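The following exercises are to be worked with the sequence and the coordinates at hand. Each task is followed by a solution in steps.

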Amino acid sequence: MSGEPTLHRVNRNELSPWTARLVNWLSPDLPHPLFRSSQVRHIASRLNLSLLPAGLFSSLNTQALLSVAIRPRLPSNQGTNPSEAIRVDDKTGVKETFAFVGDRVDRLACMTHIPAGEVRGGLVICSSILSDFQRNYRTEVVMSRLLAQRGIAVQRFHYRGTGNSDGSVHETTFDSMQEDTANAVEHLKEVIALQHIALMGTRMGALVAAAESVKHPGSPLILLEPIQEASTFFSGSFEAQLLVRMSRDGLSRMTEQELLSELQTKHFVDIVGFTLTSALYNSTSQVLLDELLPMDPRPVLLAQLGGSTLSSEHLDLLDSLPPSGMAEHIVLPAGETWWFIEEGGEGAKERRPPDEAASEIAHWLVRATGSA
Amino acid sequence: MTGTTKSSGVASDRGATSRSETPFWVRVDREDLFGIVTTPTKPPNGTAVILAQGVSGAPSFGRNRLWTDLARKWAGLGFHTVRFAFRTMGESTGVNEDYHLARPFAADVLAVVNWTLEQPGVERVVLAGTCFGARSQIEAASAIDPLAGVIGIPTPVRDVGRGEHFASYPLRWFLRRLLTSGPWKKVFRLRRWRQFRKLLTKKWRRYRRLTPAEVSAENTLDFSSRLLGQLTELSDRDVPVVLAYGRQDVLWEDVQRGLQGELGALCRHSETIIVEQFTDTKIHGLINLEAQQLVADRVERFLLDVVNRHGEPPPGSKQKP
């Protein structure tokens, strides 16, 4: 691997066990754990490591040498907290921190993207669920990096019971997703000093973002290709599963109703390789976006994927928003069918949001944050 | 099918949580790879499992968070388990439109393995991957020591580009598939005609997409000679290797052709290379919970075999300096 090996000055108590083991293995004849500078040089040369400047080194006494930990192969930006990992992008200076967050037993997997310079806005992204979550994942990662380059601090997270977060999939409900979003907002607020954190919801995530935004008056809200009725989302997912069954087993006699019945009986059902639980379905299927939208005046951006103009469905949604003076929309390049992640990557080219889309959202967000 | 399909593909009730996990970044070729290591919740058995997935944009947690569930479950069996995202995927950095099985991401696997071998309690690694991930791991295997085993489930055996697997098949192959497929045989049951029409449309679009006008000249119908060499080397090192498939996997057809040639000869002479069809269903892509459960069970069985076999230092290991 090509990671630049470095020497870190760390607290003596932070010497990791493997470091001590490694040193012992390299030089079993040396008295452990006391080392002279020449011995450290010997160890370093065995590992092909670079050393601290010679002048500094020669001034170190034995006690000081003990505070030098050799940490080969770790990038210099590796965090010291075992629950988090940090990287700083060489080109953009954007700092990305992956961390398990929360005081609860089941913690959230959070990725925070912090701009190198001035933070002009903050955004929490509420992902969609099931197949959508995985399908959009890379797009959301790249979008977050592009936004961070433009001064927007972005918080992504995995709902409990999904992704890298703790928790069982059976505990994931609409309420738990809202709670997770609230925790993600709080986490971002701890990192950046901004009062108004914007929320962006993708597909089903739009319902979660809208519900959570009510608790944050004035905060901007971005709805990316929002699902307006959760029941239609699930109906589409059932249809996808029935198609898959037909493709696999021949002409399936199962109907959507029977699949729903199976869900309620077994408490879960297979949706194209993703687990839909009755807990999630029952808590979400009756949710309507227009009933969740905040009624206070606030900036709202509706982003549509594909098409030359806004669809009538989205136009109706815009009409249902309270007059805020900042309800806008943009049309982004279309993706492919949402439900089918191609098997084994066949034909599934990487879906990267264009720079322009990120720019549009960033500009809108900066304006919206200012007005809020 | 073996066992019962569970709700999340695999059961993770008795395993670890994020409190046993450490996220990390590893740098390779100017890209940063993201990964998470799950440490055992019982005394470690010295074996670390490196999980790798295909290129369908899969993040580190895998489809339906299968990797997360497995890592946490296996922590209760004493395994370290590492899940990570290849460059250009998940949280990792990089942009690449050129995915080709002749050029798998072996460097990524090596970087992650090197990082893993530095963790306390890790004495050897087992590579477990699907599709492109499996090929990347086998490519990297020659440089990994100590290596206790490799399981690819399933492993593509031809050198083709992404989205071009079907492109080199002749038209008669598609016709045969269509005429022998389940939906076609029951086409006259029109009670589900609407669904059937949708399915047909989907398959037609897929066919059009998968048979582009121009495909890579590197694509071949033959068993990859590169892969064969790598398997031979692993056999010489006495490293257990399992290439497992489902009967309905298209990849299995390629393997069967290979078994009639040099792969078959290798399998007959090697005591450690196993090529098997372990289920009647399709497992490629892990496209349903049943497939996920089957894969989880098969890999776990392999891991336990490896641990039983390697109470002593792994025989595939070379002497350390």
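Helices (H or I, at least four residues) and strands (E, at least two) are DSSP runs, numbered from the N terminus. The model is predicted.

**Exercise 1. Describe the largest cavity by its volume and its lining.**

Step 1. The structure holds seven cavities of 30 Å³ or more. For the largest cavity, the volume is about 260 Å³.

Step 2. Its lining comprises 21 residues. Those nearest the centre are L130(A), G161(A), T162(A), V169(A) and N64(B).

Step 3. Assign the lining to secondary structure. In chain A, helix 5 (130-135) and strand 11 (274-277) each supply at least two residues. Strand 11 of chain A gives the most, with four residues.

Step 4. Sort the lining by residue class. Nine residues are nonpolar, 11 are polar and one is charged.

**Exercise 2. Compare the expected span of helix 7 of chain A with the distance between its end C-alpha atoms, and list its buried residues.**

Step 1. Helix 7 of chain A covers residues 174-191, which is 18 residues. The expected span is 1.5 Å times one less than the number of residues.

Step 2. The span should therefore be 26 Å, and the end C-alpha atoms are 26 Å apart, so the two values agree.

Step 3. Apply the cut-off for burial, under 20% relative accessible area. The buried residues of helix 7 of chain A are F174(A), S176(A), M177(A), Q178(A), D180(A), T181(A), A184(A), V185(A), H187(A) and L188(A).

**Exercise 3. Locate the cis peptide bonds that precede P146(B) and P154(B), and state omega for each.**

Step 1. Most peptide bonds are trans.

Step 2. The bond from D145(B) to P146(B) is cis, with omega near 5°. P146(B) lies in the loop between helix 3 (132-141) and strand 6 (147-152) of chain B.

Step 3. The bond joining I153(B) and P154(B) is cis as well, and its omega is about 0°. P154(B) is found in the loop between strand 6 and helix 4 (171-180) of chain B.

**Exercise 4. For R30(B) and T88(B), give phi and the loop, and decide whether each residue is buried or exposed.**

Step 1. Most residues other than glycine have a negative phi.

Step 2. R30(B) is not a glycine, yet its phi is positive, about 70°. The loop that holds R30(B) runs between strand 1 (21-28) and strand 2 (31-38) of chain B. Exposed means over 50% relative accessible area. R30(B) has a relative accessible area of 77% and is therefore exposed.

Step 3. T88(B), likewise not a glycine, has a positive phi of about 75°. This residue sits in the loop between strand 4 (80-84) and helix 2 (106-117) of chain B. With a relative accessibility of 3%, T88(B) is buried.

**Exercise 5. Tabulate secondary structure, burial, contacts and accessible surface for chain A and chain B.**

Step 1. Chain A has 14 helices and 13 strands, and 60% of its 372 residues count as buried. Chain B has 10 helices and eight strands, and 62% of its 321 residues count as buried.

Step 2. Consider contacts between residues at least 6 apart in sequence. In chain A, 68% of these join residues at least 24 apart; in chain B, 76% do.

Step 3. Finish with the surface.

| Chain | Accessible surface | Carbon and sulfur atoms |
|---|---|---|
| A | about 15,100 Å² | 51% |
| B | about 12,600 Å² | 51% |

Notes:
Residues are numbered from 1 along each chain as its sequence is written. Chains are lettered from A and ligands numbered from 1 in the order in which they are written. This is a predicted model: local features need pLDDT of at least 70, side-chain atom pairs count only at pLDDT 80 or more; totals for chains, interfaces and linings use all residues. Side-chain values use heavy atoms; hydrogens and water are left out. On a 1 Å grid over the protein atoms alone, a cavity is a set of points where a 1.4 Å probe fits but cannot get out, and a pocket is an open set with protein on both sides within 12 Å along at least five of seven lines; lining residues have an atom within 4 Å of a point. Grid points are joined across faces, edges and corners, and a volume is the space filled by probe spheres set on the points. Ala, Val, Leu, Ile, Met, Phe, Trp, Tyr, Cys and Pro count as nonpolar, Asp, Glu, Lys and Arg as charged, and the others, Gly among them, as polar. Buried means under 20% relative accessible area, exposed over 50%, partly exposed in between (1.4 Å probe, protein chains only). Contact means heavy atoms within 4.5 Å. Accessible areas come from the Shrake-Rupley method with a 1.4 Å probe; for residues, only the protein chains shown count as cover.
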